[in-house]
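Reader: I've got the sequence and the fold open side by side. Can we walk through how the pieces fit together?

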Amino acid sequence: MDILKNYLIHLCGAENVKIDEPLAKWTTFRVGGPARYLVLVADKTTLVRLVRGLEYIECPYFILGLGANVLASDLGYDGVVIKFTGHKIEQNDVFVYADAGAKLGAVVNYARDHALTGLEWATGIPATVGGGVYMNCGAFDHCLGEVAVMVDVLVHGEIKTLTGKQLAFGYRHSIFMDEAGVILGAYFRLGRGDKTEIQQQMQAVMQKRARHPHEPSAGSVFKRPKDGFYVGKVVEELGLAGYRVGDAMVSPQHCNFIVNMGHATCHDILQVIYHLQDAVEKHTGVLLETEIIFLGRIEN
Ligand SMILES: Cc1cc2nc3c(=O)[nH]c(=O)nc-3n(C[C@H](O)[C@H](O)[C@H](O)COP(=O)(O)OP(=O)(O)OC[C@H]3O[C@@H](n4cnc5c(N)ncnc54)[C@H](O)[C@@H]3O)c2cc1C
């Protein structure tokens with residue numbers, strides 16, 4: 001029997017170890033072939049032990065949040081995909097701590113329930129705390145880096161707490177994109193607010209977001225290359241709304257979204273990405289950089 005499989009079952013329990021698990025089930029694009037193993041890990045101690053063990057045997061692994069920004073290969077992933085489901089949220093004065101596996105929406109609601117302001121803009125962003133911090137997700141001129149002041153992280157087997165500048169937050173950027181690390185939990189510094197006002201702001205954000213496409217996607221595909229350059233608008237002006245390869249389509253509702261109209265493959269989505277990059281570069285001279293994260297072997 002496979003030693004790795006035994007190890008995963010020993011550590012995480014057979015019910016939490018999935019073999020040849022389709023990544024399409026775990027990503028919001030609904031795309032991706034099988035992961036050799038996908039393990040669900042509910043507590044930080046097990047997560048730390050697991051990652052240390054996998055690093056020791058040099059087994060490739062990938063930490064998956066909600067999979068809301070991931071394009072997984074049609075060929076799948078020949079390693080261990082780890083889904084941390086720890087979701088503790090705690091308050092200490094104006095600080096809120098949340099496990100990396102907690103949903104960002106749960107943190108937003110928790111803040112509102114405790115009359116803490118500073119996260120209303122994040123209403124409706126599909127993310128875990130880990131994925132949100134990693135991406136420094138943002139909306140409406142705000143980003144998580146404004147309030148995520150400390151992050152507990154496992155780096156090369158050691159647990160550390162990173163603060164302030166060490167986190168290197170920038171536009172859709174954090175230190176975790178440059179240096180490997182498993183985010184265990186984050187501390188958000190919020191302000192005292194009024195519950196009713198917070199709720200009203202959350203509703204206003206929700207109304208704006210209701211205009212976004214509802215088909216499976218990974219949100220905006222490309223980063224904004226510079227201030228004032230709105231990718232969706234440029235793509236629309238080029239007449240590419242509705243541009244389609246197989247079931248992957250540029251959403252006419254928001255042209256920086258590629259949506260899965262049914263049975264899109266990673267290959268289909270990549271063809272749309274390349275076409276948009278070519279068209280935008282020819283027209284504007286700007287090469288668009290993708291915001292989405294690729295998982296597994298990506299073939300052209
Ligand atoms: C409908 C829709 C709307 C969206 N709107 C927005 C928006 O308004 N603003 C925005 O910024 N984004 C948006 N997105 C994209 C997505 O929500 C964000 O990028 C979000 O931060 C992804 O979080 P996640 O938990 O799904 O991470 P995943 O997509 O699962 O992972 C993203 C990256 O984070 C890493 N990661 C996850 N957890 C950990 C961890 N614990 N430790 C280390 N690394 C980790 C993964 O390895 C991966 O590299 C949208 C997506 C969709 C589908």
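Author: Sure, with one term first: helices here are DSSP runs of H or I with at least four residues, numbered from the N terminus. Keep in mind too that this is a predicted model. With that in hand, H3 can be placed: Ala115 follows H3 and has a positive phi, near 55°.

Reader: Which residues of H3 are buried, and what covers them?

Author: The cover over the buried residues of H3 includes S6, S7, strand S8 (116–117), helix H4 (129–135), S13 and helix H5 (195–209). The buried residues themselves are Leu104, Val107, Val108, Tyr110, Ala111 and Arg112.

Reader: And Asn109: buried, partly exposed or exposed?

Author: Asn109 sits in helix H3, which spans residues 104–113. Its C-alpha atom is 9.2 Å from that of Met202, although 93 residues separate the two along the chain. Buried would need under 20% relative accessible area and exposed over 50%. Asn109 has 32%, so the label is partly exposed.

Reader: Let's go to the sheets. In what order do the strands of the four-stranded one lie?

Author: This sheet is open and its pairing is mixed. Its edges are strand S1 (17–22) and strand S3 (61–64), each pairing on one side only. Neighbouring strands are turned by 30° against each other on average, ignoring direction. Reading across, the order is S1-S2-S5-S3.

Reader: How many bridges join S2 to S5 in there?

Author: Strand S2 covers residues 34–41 and strand S5 covers residues 77–84, and the two run parallel. One facing pair is Leu38 and Val81, the latter in S5. The number of bridges joining S2 to S5 is six.

Reader: Which strands does H2 lie across in that sheet, and at what angle does H2 run to S5?

Author: Start with H1 (residues 3–12), which packs on the sheet against S1, S2 and S5, with its direction at about 20° to that of S2. Helix H2, residues 44–56, lies across S2, S3 and S5. The angle of H2 to S5 is about 160°.

Reader: What about the two helices together: are H1 and H2 roughly parallel or roughly antiparallel?

Author: Two packed helices are described by the angle between their axes and the distance between the axes. For H1 and H2 the angle is about 165° and the axes are 10 Å apart. An angle over 145 degrees counts as roughly antiparallel. H1 and H2 are therefore roughly antiparallel.

Reader: Which residues make the contact between H1 and H2?

Author: The H1 side brings Leu4, Tyr7, Leu8, Leu11 and Cys12. By class, the contact has seven nonpolar, two polar and one charged residues. The H2 side brings Thr46, Arg49, Leu50, Gly53 and Leu54.

Reader: Now the five-stranded sheet. Which strands stand at its edges?

Author: The sheet is open, with antiparallel pairing in the order S6-S7-S13-S11-S12. Each edge strand has a single partner, so one of its sides has no neighbour in the sheet. The edge strands are S6 and S12 (158–163).

Reader: Why is S7 largely enclosed by the rest of the structure?

Author: S7 has partners on two sides: S6 (residues 89–92) pairs with S7 over four antiparallel bridges, and five bridges join S7 to S13 (residues 182–189), also antiparallel. Asp99 faces Gly185 of S13, while Gln91 has Val96 in S7 as its bridge partner. As for burial, S7 (residues 95–99) is largely enclosed because the count of buried residues is four of the five.

Reader: Which residue in the turn between S6 and S7 has a positive phi?

Author: S6 and S7 form a hairpin, with two residues between them. The phi in question is about 60°, and the residue is Asp93.

Reader: Last one, Gln277: which residues is Gln277 in contact with, leaving aside its neighbours within four places in sequence?

Author: Gln277 lies in helix H7, residues 266–284. Its relative accessibility is 15%, so Gln277 counts as buried. With those neighbours set aside, the contacts are Phe222, Leu287, Leu288 and Thr290.

Technical notes: Residues numbered from 1 in each chain as written. Predicted model: local features only at pLDDT ≥ 70, side-chain atom pairs only at ≥ 80, totals over all residues. Heavy atoms only, no water. Pairing = 2+ DSSP bridges. Axes fitted to C-alpha atoms, helices over the stretch in contact; angles between N-to-C directions. Contact = heavy atoms within 4.5 Å. Buried < 20%, exposed > 50% of the residue type's maximum accessible area, 1.4 Å probe, protein only. Parallel < 35°, antiparallel > 145°, perpendicular 65-115°, else oblique. Nonpolar A, V, L, I, M, F, W, Y, C, P; charged D, E, K, R; others polar.
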